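Me: I have a structure to go through and some words I want explained. Can you take me through it?

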Amino acid sequence: MAPAHGYGTLAAGPFPLLLTGRVDISTSNLDLLHRRLLWVGGKGGVGKTTVAAALAILAASRGQRCLIVSTDPAHSLGDVFDRPLDDRPRRLLPNLDALEIDPDAEVDAHLQRVIEQMRKLAAPEMLTELTRQMQLTRHSPGTQEAALLERIARLATAPPDDYDLIIFDTAPTGHTLRLLTLPEAMAAWTDGLLSHNRKSAELGKVLQHLTPRSGRDLNSPFDDPNEDPLSGLDQRTRSVAETLRNRRRLFHQARRQLEDPAASGFLFVLTAERLPILETVRAVESLRQAQIPVAAALVNRVIPDSADGHFLQQRRLQEASYLQRIDRELGHLPRPQLPWLETDVQGIGILQQLATLLEQQGF
């Protein structure tokens, strides 16, 4: 029995691909690579890193200056490209750079910035203890996520001078959702911290200047072009307030990018199996509630028409029912497909062939 959505098969030989079957017309105009930001995520083990890497190669082949970024602490992007990567962009192909964010390095850099600021503000006799306390926070829950989010936000809001497209190869779904909702949590924490000091007139001014201005048509609701937001504060309080304002502004700008469907889109990768379907459906709904646009759900490792044998016949029957379920529960999204390959995906050669498959699916 043929799969409900058979797409491709592998020809003889180690890598060459021969396309057969049909393309779903709902995937003929995905237009994902014309956004500024593309987030590729899904349950662990479904092939999202492979898909992200192939999409990056496809974009670069079209002349787009592309950066692919791995945000997963358990990096596999370098393994897929079969090239060593670190937290600085490395050129892999013309128009294509790649990097793997190192959460530990981001935490160290963030703590160093805080310590340098404290060095200007704290009394000399307090600095040793403050430094010790800051180093203890290195292993506190959420510290890595906060540092990682700040690096992602800086990449997402950077001027498009160097790259036309940034593809984020994200951690498994739950981690990604926490990262995307962390700006709100951090904003609430900042407001709560400042509100505990309302008895201080100076900190009251800080809180006032960190509160969105209702009814004002501004680039940022935290800005007022007619006033100096930190006027009247002493130098110490002004320095702290400026740091808080800059972080709030950064996360606000990143959030606006995420919510803009013309600038950003989320591509879920899943396989035709029960658990990836359940997790993807929940994640799509969570992002909908968070007003994050989901562009498509790519079904990976679909059994090719040419696969034979009793075992694969039984797997194909099960797969057909799950493909129908995907159509039913994610029918509002484009649902392109990639075939299950005969070999592991490693190296630029086979990624370029996967890029061809993606292009013929409407990317």
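**Pocket, sheet and rings**

Reply: Start with the second largest pocket. Helix α1 gives the largest share of its lining, four residues. Keep in mind that the model is predicted.

Me: Which elements give two or more residues to that lining?

Reply: They are α1 (48–61), β9 and β10. The space in this pocket is about 360 Å³. It is lined by 24 residues. Closest to the centre are Gly47, Thr50, Asn300, Arg301 and Val345.

Me: What makes a residue of this lining count as nonpolar, polar or charged?

Reply: Its residue type decides. Asp, Glu, Lys and Arg count as charged, and Gly is among the polar ones. On that basis the lining has nine nonpolar, 10 polar and five charged residues.

Me: How do you know that β5 and β6 pair?

Reply: Count the bridges. Two strands pair if there are at least two bridges between them. Strands β5 (residues 90–93) and β6 (residues 96–100) have three, in the antiparallel sense. So they pair. One bridge partner of Leu93 is Leu96 in β6. The hairpin has two residues between its strands, and Asn95 takes a positive phi near 75°.

Me: What makes β9 and β10 a pair?

Reply: Two bridges join β9 (residues 294–302) to β10. The cut-off is at least two, so they pair. The two strands run parallel. Val299 stands opposite Gln337 in β10.

Me: In what order do the strands of the sheet come?

Reply: The order is β5-β6-β4-β7-β3-β8-β9-β10. These eight strands form an open sheet, and the pairing is mixed.

Me: Why are β5 and β10 called edge strands?

Reply: Each of them pairs on one side only. From one strand to the next, the twist averages 25°.

Me: Which strands does helix α9 touch?

Reply: Helix α9 (residues 274–289) packs on the sheet and touches β8 (264–271) and β9. Its direction makes about 165° with that of β8. Helix α10 (residues 310–329) packs on the sheet too, touching β8, β9 and β10. The direction of α10 makes about 180° with that of β9.

Me: How many aromatic pairs are there?

Reply: The count comes to two.

Me: Why is the pair of Trp39 and Phe168 called stacked?

Reply: Check the centres, then the planes. The ring centres are 4.2 Å apart, and the limit for a pair is within 6.5 Å. The planes are at 10°, and under 30 degrees counts as stacked. So the pair is stacked. Trp39 lies in β3 (residues 37–41) and Phe168 in β7 (residues 165–169), so the pair ties together parts 129 residues apart in sequence.

Key:
Residues numbered from 1 in each chain as written. Predicted model: local features only at pLDDT ≥ 70, side-chain atom pairs only at ≥ 80, totals over all residues. Heavy atoms only, no water. Axes fitted to C-alpha atoms, helices over the stretch in contact; angles between N-to-C directions. Contact = heavy atoms within 4.5 Å. 1 Å grid on protein atoms, 1.4 Å probe; cavity = no way out; pocket = protein on both sides within 12 Å on 5 of 7 lines; lining within 4 Å. Points joined across faces, edges and corners; volume = space filled by probe spheres on them. Phe/Tyr/Trp six-rings, centres within 6.5 Å; stacked < 30°, edge-to-face > 60°.
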